[in-house]
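Let's walk through this protein together, one sheet at a time. Have the structure open and follow along.

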Amino acid sequence: MAESKAASKYQYQSGFGNHFSSEAIPGSLPVGQNSPQQCPMGLYAEQLSGTAFTAPRDRNERSWLYRIRPSVCHTPFVPVDRGLLTSEFDKIPPTPNQLRWQPFDVPAEPTTFALGLRTICGAGHPSTRHGMAVHIYVANQSMDASSMYNSDGDFLIVPQQGTLDIRTEFGCMEVAPGEIAVIQRSIQFSVNVSGPSRGYVLEVFGIHFRLPDLGPIGANMLANPRDFETPVAAFEDRQVEWTVYNKYLGQLFSAKKDHSPHNVVAWHGNYAPYKYNLALFATVNTVSYDHPDPSIFTVLTAPSTEPGTAIADFVIFPPRWMVAEHTFRPPYFHRNCMSEYMGLIRGVYDGKTGAGFVPGGASLHSCGTPHGPDANAFNAASKADLKAERIPDTTLAFMFESSLMLNVTHYAQEHNLQRDYWKVWQDLTSHFTPATKQ
């Protein structure tokens with residue numbers, strides 16, 4: 001097992017999908033009811049619903065927040081025209097080609113997380129609560145007097161460069177490269193950075209992320225529920241000119257407040273943001289022969305209505321031992337009925353040993369589009385000595401996989417695209433040697 005990073009400066013509550021209770025000041029949480037006539041300490045009671053009121057109880061998600069002032073205290077929203085976010089994927093000319101991007105540079109001008117989001121690809125639409133999108137973010141400025149929330153869906157944030165200090169309505173999370181954070185629909189948050197920062201974001205429109213079913217694996221392994229961490233209540237009572245950004249139907253809007261919205265003194269419920277350290281993932285792999293499908297590395301899934309088929313899966317390729325005998329060990333050549341968007345957090349991915357797939361970069365292999373190891377990786381692995389080998393701790397790649405056919409935005413087609421990516425397979429020459437006829 002890889003060692004996890006040093007302890008965070010914040011406290012957390014442990015568990016996935018639990019009903020939590022937290023209060024920053026003892027006695028601030030009402031006892032025995034959700035909405036008393038007068039809340040303790042003069043607080044306002046506010047419910048935040050993550051599902052419909054009548055959703056089945058085992059999938060019903062909501063929290064009660066007890067705050068200094070209610071969220072409704074703001075000016076009307078106005079559009080923020082930046083042209084970098086979109087959900088109009090059906091209006092973009094499609095491409096079935098294999099695509100790969102260089103890392104996106106952090107701009108020189110001051111840029112916050114909210115204003116540094118750029119949509120790369122997606123499918124479906126938030127108005128129908130069906131679909132997903134992939135974004136990247138670049139940032140070099142903290143959101144000291146601003147916050148955002150996403151009306152369209154849930155954000156799964158994957159830092160690649162720079163630790164994120166995220167303050168939410170529910171409390172604070174420190175999220176470093178090698179960790180992830182999930183911030184669900186409508187939860188307000190601010191991202192503070194200490195330097196140039198960038199990473200990836202997976203957004204799902206219609207359903208919340210779950211742990212994947214384990215089937216014959218049993219009751220344990222992969223991402224264990226106890227390792228997910230939810231913040232404890234932490235508030236600020238700050239009077240300041242504040243900007244709230246709202247992502248709504250793929251567009252950004254802003255409104256003004258005269259105070260910080262991070263004023264929740266106590267809360268309880270099962271709808272709250274969380275983080276997870278990917279070093280704690282308990283990997284399953286073959287101990288005999290052949291290459292298991294990458295679904296064995298699924299951390300979280302957002303399932304569709306079709307059993308076993310996801311709107312989006314978050315999959316990692318972590319440090320692990322490779323011991324398969326008589327086997328081509330890197331990822332096999334593949335034509336998938338799913339779409340595969342891959343990113344690299346650190347190190348070198350074993351399926352792409354050339355210099356083109358680098359930390360901060362990404363690739364997209366769409367439904368039915370052939371892909372697989374490049375020529376260098378194939379030639380090396382075909383002749384390798386099959387001794388026990390460890391994918392080192394210095395390497396961590398991931399995949400956003402979707403059953404939907406993703407369309408690539410104009411921004412992504414015009415920025416950082418490696419136009420000659422297709423050439424990495426052109427040196428895969430014929431090795432066919434038919435048996436001599438008798």
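Strands here are DSSP runs of E with at least two residues, numbered from the N terminus, as helices (H or I, at least four residues) are too. Tryptophan 64 sits in one of them, strand S4. Before we go further, note that this is a predicted model, in which local features need pLDDT of at least 70 and side-chain atom pairs count only at pLDDT 80 or more, while totals for chains, interfaces and linings use all residues. Residues are numbered from 1 along each chain as its sequence is written, and side-chain values use heavy atoms, leaving out hydrogens and water.

Let's stay with tryptophan 64 for a moment. Its relative accessibility is 14%, so tryptophan 64 counts as buried (buried means under 20% relative accessible area, exposed over 50%, and partly exposed in between, with a 1.4 Å probe and protein chains only). Leaving out residues up to four places away in sequence, tryptophan 64 touches Asn34, Ser35, Ala45, Glu46, Gln47, Ala266, Trp267 and His268, where contact means heavy atoms within 4.5 Å.

The surrounding sheet is open and has four strands in the order S2-S19-S4-S3, with antiparallel pairing; two strands pair if DSSP finds at least two bridges between them. At its edges are strand S2 (20-23) and strand S3 (44-49), each pairing on one side only. From one strand to the next, the twist averages 20°, an angle between N-to-C directions that runs from 0 to 180 degrees, with axes fitted to C-alpha atoms (for helices, over the stretch in contact). Strand S4 (residues 62-67) is joined to strand S19 (residues 264-269) by five bridges, and arginine 67 stands opposite valine 264 in S19.

Next, find strand S13. In a regular strand the side chains alternate between the two faces of the sheet. Both faces of S13 are covered, with Glu179, Ala181 and Ile183 buried on one side and Ile180 and Val182 buried on the other. S13 runs antiparallel to strand S10 (residues 154-161), joined by three bridges, and leucine 156 has valine 182 in S13 as its bridge partner. Four bridges join S13 to strand S20 (residues 274-277), also antiparallel; here alanine 181 is partnered by lysine 275 in S20.

Just past S13, in the loop leading to strand S14 (189-192), lies arginine 185. What is the nearest side chain of opposite charge to this buried arginine 185? Aspartate 154 is, 4.9 Å away, and arginine 185 has no salt bridge. For charges, Lys and Arg count as positive and Asp and Glu as negative, with His and the chain ends not counted; a salt bridge needs a side-chain nitrogen of Lys or Arg within 4 Å of a carboxyl oxygen of Asp or Glu. Beyond four places in sequence, the contacts of arginine 185 include Arg129, Asn150, His208 and Tyr271.

Our last sheet is open, with six antiparallel strands in the order S6-S25-S24-S27-S22-S21. Strand S6 (99-101) and strand S21 (298-303) have a single partner strand each, so one side of each is left without a neighbour in the sheet. Five bridges join S22 to strand S27 (residues 396-402), pairing valine 315 with methionine 399.

Finally, look at the largest nonpolar core. A nonpolar core is a set of buried Ala, Val, Leu, Ile, Met, Phe, Trp, Tyr and Cys residues joined through side-chain atoms within 4.5 Å. Among the 58 residues of this core, Trp101, Leu300, Phe314 and Tyr341 touch the most other members. Strand S22 (residues 310-317) contributes the most, with six residues.
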